[in-house]
Amino acid sequence: MDSTSEQKRSEQERPTVDRPESLADLLGGRRGAVDATVPPVAFTLGWLLAGRSVVGGVAVAVLAGSAVALWRVRRGDRPRSVLVGLLAVCLAALIALRTGRAVDFFLVQLFSNAASALVWVVSIVVRWPLLGVLVGVALGQRGRWRRDRALLRAYSRGSWVWAATYAVRLAVFLPLYLGSQVVALTVARAALSWPLVAAALTVSWLVIRRSLPAGHPGLRHPVPPTGS
């Protein structure tokens, strides 16, 4: 093996503490967050342009959601995740058509954020913080990270940041929904998508790094308990 190959190998195996890797690198999130705002915005534009017709808004939203799904498949995203996103749009459309109220297009989003906040909190309480689960899957660690007490504590603290993002969305969306503020709800939906995800990625990463003791090798290298 030549010196260049050895150098590349050593760089790849170097602990994260020497070359920090952010949660954004591991989890991504920007594309999904941006794509998720397209159908609601399309719905509201269609609703307004069609003279506040729910049918018009639904038609534009489903077309936009289908276009996003097709684009994501062509870029190589997993079909299952793409299908879930499209089904969510279709479910929201069916609810709005069923009730005849444009604001009900956002009902799925309300329940989704409430359920997500609950799931994140429960995961922390049962000591399986979702942030650790997601990063562990991304790194192929399965449950090895849980044997590292410092890492488990750091992931738990970081998971509270994500639980808070869903609570913030719910606190903003619910009054607007109850007031039937379709346009304001759409603006809030867009404003609290990628910007909030970006903030959560940044803050939770800082929380994790500050929670780990000095000299810890990082997310890729869980430290097993002494004596293992």
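**Aromatic ring pairs in the predicted model**

F105 is buried, with a relative accessible area of 5%. This residue belongs to a predicted model. Its ring takes part in the pairing described below.

A pair of aromatic rings is described by the distance of the centres and the angle of the planes. The structure holds 6 aromatic pairs. One of them joins F43 and F105. Their ring centres are 4.3 Å apart, and their planes meet at 5 degrees. Planes under 30 degrees apart count as stacked, so the F43 and F105 pair is stacked. F43 lies in helix α3, which spans residues 30-49. F105 lies in the loop between α5 (79-99) and α6 (107-125). The two residues are 62 apart in sequence, so the pair ties together separate parts of the chain. F43 is buried, with a relative accessible area of 0%. Ring pairs also bring in F106, linking F43, F105 and F106 into a cluster.

A second arrangement involves W128 and W145. The centres of these rings are 5.8 Å apart, with the planes at 90 degrees. Planes over 60 degrees apart count as edge-to-face, so that is the class of the W128 and W145 pair. This pair, too, links distant parts of the chain. W128 sits in the loop between α6 and α7 (130-138). W145 sits in the loop between α7 and α8 (149-178). The two tryptophans are 17 residues apart. W128 is partly exposed, at 40% relative accessible area. W145 has a relative accessibility of 0% and therefore counts as buried.

Definitions and conventions. Residues numbered from 1 in each chain as written. Predicted model: local features only at pLDDT ≥ 70, side-chain atom pairs only at ≥ 80, totals over all residues. Heavy atoms only, no water. Phe/Tyr/Trp six-rings, centres within 6.5 Å; stacked < 30°, edge-to-face > 60°. Helix = DSSP H or I, 4+ residues; strand = E, 2+ residues; numbered from the N terminus. Buried < 20%, exposed > 50% of the residue type's maximum accessible area, 1.4 Å probe, protein only.
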